[in-house]
Amino acid sequence: MELNELRSTWQILEKALERGNQLNVATLRQQKLDAAHRSLRPLKRNQAFQIFMGVLFIILAALLWSTKPTAISVILGGIVVQAYGIGCVITAGMVFSSLSRIDYAAPVVEVQVGLAQVRRAYGICVLVAGLSWWFLWIPLLMLLAGLARINLYAQAPSVIWIGMAIGVAGLLGMYWIYLYSLKSSNMRLRRFVECATFGRSLQNAIQQLNEVRRFEEEVLS
């Protein structure tokens, strides 16, 4: 009888411990999901601002077309600026679409998959709306000069070519830093580059879910 009672008591304790672990996991999961959701707010604000800037560039291009420019360089500058504006709106829309598809009530693995899709969309956004600024300032300057009836390429071609050279050097430099960070054992450098590339708010959200996943594996395994 004593052995049976001890066995029964042990089973009760095991079930109580299991329920406690499940409660701890559920509590931590909700806290981390809420924190991940909150950390994505700056990303949403940034994308809204990007859409605003995209519309602004489209309007600038429309103003240029209203002047009926004839110089090829000015026309090309306007086309590039307008394409950039459209690209900003489209890529920001891709990020918003990815964010809207995340179901925070789903299992952590599914939320992680959703954030991975947001990360891919944001990576495209960075390429289109961010890194392109190494060169975009040149057609933007040409467009603004065109609005003043000035053909910048005809008046100061060296500005264009020097700007192109600076853009190539800057872009290659950033690419080298990114590759170096992937191979480096310096975790602070890798995290800095990751945050600079994919945004601190998105990286924080991913980290919150990774912590939940590790806790689940440790406690429930």
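**Why the labels read as they do**

Modeller: Lys-68 sits in the loop that joins helix 2 to helix 3. The model is predicted.

Colleague: Why is Lys-68 called exposed?

Modeller: Its relative accessible area is 70%. Exposed means over 50%, so Lys-68 earns the label.

Colleague: What makes the phi of Lys-68 worth listing?

Modeller: Phi is positive there, at about 55 degrees, and Lys-68 is not a glycine. Most residues other than glycine have a negative phi.

Colleague: Which loop holds Arg-149, and what is the sign of its phi?

Modeller: Arg-149 is in the loop between helix 5 (133–147) and helix 6 (152–155). Its phi is near 65 degrees, a positive value in a residue other than glycine.

Colleague: How do you know whether Arg-149 is buried or exposed?

Modeller: Its relative accessibility is 64%. The cut-off for exposed is over 50%, so Arg-149 counts as exposed.

Colleague: Why does Leu-189 count as partly exposed?

Modeller: Leu-189 has 24% relative accessibility. Buried means under 20% and exposed means over 50%, so a value of 24% puts Leu-189 in between, as partly exposed.

Colleague: Where is Leu-189, and in which helix?

Modeller: Leu-189 belongs to helix 8 (residues 187–198). Leaving aside neighbours within four places in sequence, it is in contact with Tyr-180, Ser-181 and Ser-184. From Leu-189 to Tyr-178, eleven residues away along the chain, the C-alpha separation is 9.7 Å.

Colleague: Why is Ile-59 given the label partly exposed?

Modeller: Ile-59, in helix 2, has 45% relative accessibility. That value is not under 20%, the limit for buried, and not over 50%, the limit for exposed, so Ile-59 is partly exposed. Ile-59 and Val-81 are 22 residues apart along the chain, and their C-alpha atoms are separated by 9.8 Å.

Colleague: And what makes Asp-34 partly exposed?

Modeller: The relative accessible area of Asp-34 is 33%. This falls between the 20% and 50% cut-offs, so Asp-34 is partly exposed. Asp-34 is part of helix 1.

Colleague: How do you know where Gln-208 lies relative to Leu-33?

Modeller: The C-alpha atoms of Gln-208 and Leu-33 are 7.2 Å apart, although 175 residues separate the two in sequence. Gln-208 is in helix 9. Between Asp-34 and Gln-208, 174 residues apart along the chain, the C-alpha separation is 9.4 Å.

Colleague: Which residues does Gln-208 touch?

Modeller: Not counting residues up to four places away in sequence, Gln-208 touches Lys-32, Ala-35 and Ala-36. Contact requires heavy atoms within 4.5 Å.

Colleague: What describes the way helix 2 and helix 4 pass each other?

Modeller: Two packed helices are described by the angle between their axes and the distance between the axes. For helix 2 (residues 41–66) and helix 4 (residues 108–131), the axes come within 13 Å and cross at roughly 40 degrees. Helix 2 passes helix 4 in a left-handed crossing.

Colleague: Which residues of helix 2 and helix 4 meet?

Modeller: From helix 2 come Leu-43, Gln-47 and Gln-50, and from helix 4 come Val-118, Tyr-122, Cys-125 and Ala-129. By class, this contact has five nonpolar, two polar and no charged residues.

Colleague: Why are two residues in that contact classed as polar?

Modeller: Gln is in neither the nonpolar list nor the charged list, so Gln-47 and Gln-50 count as polar.

Colleague: Which residues touch the most other members in the largest nonpolar core?

Modeller: Leu-43, Val-95 and Tyr-122 do, in a core of 19 residues. Helix 1 (2–39), helix 3 (72–100), helix 4 and helix 9 (200–220) each give two or more residues to this core. Helix 4 provides the largest share, eight residues.

Colleague: Which residues belong to the second core?

Modeller: That core is separate and has twelve residues, including Phe-57, Leu-60, Ala-61 and Leu-140. Members of a nonpolar core must be buried, so each of these four has under 20% relative accessible area.

Colleague: How many helices and strands are there in the chain?

Modeller: The chain has nine helices and zero strands. Of its 221 residues, 33% count as buried. Its accessible surface comes to about 13,700 Å², with 65% belonging to carbon and sulfur atoms.

Key. Residues are numbered from 1 along each chain as its sequence is written. This is a predicted model: local features need pLDDT of at least 70, side-chain atom pairs count only at pLDDT 80 or more; totals for chains, interfaces and linings use all residues. Side-chain values use heavy atoms; hydrogens and water are left out. Axes are lines fitted to C-alpha atoms, for helices over the stretch in contact, and angles run from 0 to 180 degrees between N-to-C directions. Helices (H or I, at least four residues) and strands (E, at least two) are DSSP runs, numbered from the N terminus. A crossing is left-handed if the near helix is turned anticlockwise from the far one by less than a right angle, and right-handed if clockwise. A nonpolar core is a set of buried Ala, Val, Leu, Ile, Met, Phe, Trp, Tyr and Cys residues joined through side-chain atoms within 4.5 Å. Buried means under 20% relative accessible area, exposed over 50%, partly exposed in between (1.4 Å probe, protein chains only). Accessible areas come from the Shrake-Rupley method with a 1.4 Å probe; for residues, only the protein chains shown count as cover.
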